[in-house]
Amino acid sequence: SNWITQADYGYKITDDRLNQIIESDTDYLDQAETTAVQVVRDHLYQKYDIDTIFGTSGADRAPQVLRWCVNLALYYLHERIPDRLVPERVTLNYERTLEELLDISDGKRAAELPHNEDADEHPTTKCRWGSGTAREHR
């Protein structure tokens, strides 16, 4: 992904450590970034204008989206190394990021991002169709 730059990792990991993990092969980095961006897109697309969000560059990129993508990409990069060598914060950042994204896609939290106009006209609801036994609430 060209949306994330190697400099974006600077506040999370040193260049030396990053190059050690990817063994100086940027294909690993590209693959992790592409996966991370896709995961974020999958969680945002119903409510937010992902083409606008990911059509930005440099300082115009939404900071929280960039943070989510970097956290996920770092986690995916660390899948290449033994578990005992993965810093706990990488796993925690991954889990927190997924929680935030799930909350957004479930409508439990909003993000200050450009809205998808279709989402306003045709809100998606999570309804269960079928003739299963109704649950009792006591």
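# A friendly first look at an all-helix model

The secondary structure of this protein comes to six helices and zero strands. Read from the N terminus, the elements run α-α-α-α-α-α. The model is predicted, and its pLDDT averages 87, with 84% of the residues scoring at least 70. The points below begin with the whole chain and then move to particular side chains.

**Confidence along the chain**

- Among the elements, helix α4, which covers residues 63–78, has the highest mean pLDDT, at 97.
- At the other end of that ranking stands helix α6 (residues 117–121), whose mean pLDDT of 60 is the lowest among the elements.
- Residues 122–130 deserve some care when you look at the model, as pLDDT stays under 50 there.
- For that stretch, the model has three contacts beyond four places in sequence.

**The chain as a whole**

- The protein has 138 residues, and 36% of them count as buried.
- About 9,200 Å² of the protein is exposed, and carbon and sulfur atoms supply 46% of that area.
- Taking the contacts with a separation of 6 or more, 76% are between residues 24 or more positions apart.

**A buried asparagine in helix α4**

- Asn71 is found in helix α4.
- Its relative accessibility is 3%, so Asn71 counts as buried.
- Leaving aside neighbours within four places in sequence, Asn71 is in contact with Lys12, Asn93 and Thr97.

**Aromatic rings**

- A search of the whole structure finds four aromatic pairs.
- One of them joins Tyr75 and Tyr76: the ring centres are 6.1 Å apart and the planes lie at 70 degrees, so this pair is edge-to-face.
- Tyr75 also pairs with Tyr94, and here the centres are 3.7 Å apart with the planes at 10 degrees, so the rings are stacked.
- Because Tyr75 lies in helix α4 and Tyr94 in helix α5 (residues 88–105), the stacked pair ties together parts that are 19 residues apart in sequence.
- Together, Tyr75, Tyr76 and Tyr94 form one aromatic cluster.
- Within this cluster, Tyr75 is partly exposed, with a relative accessible area of 22%.
- Tyr76 counts as buried at 14% relative accessibility, and Tyr94 counts as buried at 16%.

**Charges over rings**

- The charged end of Arg80 sits over the ring of Tyr28, 3.5 Å from its centre.
- Arg61 has its charged end over the ring of Trp3, 5.7 Å from the ring centre.
- Arg61 appears again in the next group, where it forms a salt bridge with Asp8.

**Salt bridges**

- The count comes to four salt bridges, and three of them are described here, beginning with Asp8 and Arg61.
- In the bridge between Asp8 and Arg61, the closest N and O atoms are 2.6 Å apart.
- This pair links distant parts of the chain, 53 residues apart: Asp8 is in the segment before α1 (15–22), while Arg61 is in the loop between α3 (50–53) and α4.
- Are these two partners buried or exposed? Asp8 counts as buried at 10% relative accessibility, and Arg61 counts as buried at 11%.
- Asp51 forms a salt bridge with Arg41, and their closest N and O atoms are 3.5 Å apart.
- The link here is between helix α3, which holds Asp51, and helix α2 (residues 26–44), which holds Arg41, with 10 residues separating the two in sequence.
- Asp51 is exposed, with a relative accessible area of 56%, whereas Arg41 counts as partly exposed at 22%.
- The side chains of Arg67 and Glu100 also meet in a salt bridge, at 3.1 Å from N to O.
- That pair links Arg67 in helix α4 with Glu100 in helix α5, 33 residues apart.
- Arg67 is partly exposed, with a relative accessible area of 28%, and Glu100 is buried, with a relative accessible area of 17%.

**Two links between helices α4 and α5**

- If you would like a place to start in the viewer, try these two helices, where the stacked rings of Tyr75 and Tyr94 and the salt bridge of Arg67 and Glu100 can both be found.

Note on methods. Residues numbered from 1 in each chain as written. Predicted model: local features only at pLDDT ≥ 70, side-chain atom pairs only at ≥ 80, totals over all residues. Heavy atoms only, no water. pLDDT = per-residue confidence, 0-100. Helix = DSSP H or I, 4+ residues; strand = E, 2+ residues; numbered from the N terminus. Contact = heavy atoms within 4.5 Å. Buried < 20%, exposed > 50% of the residue type's maximum accessible area, 1.4 Å probe, protein only. Areas by Shrake-Rupley, 256 points an atom, 1.4 Å probe, with all protein chains shown as cover. Phe/Tyr/Trp six-rings, centres within 6.5 Å; stacked < 30°, edge-to-face > 60°. Lys NZ or Arg CZ within 6 Å of the ring centre and 35° of its normal.
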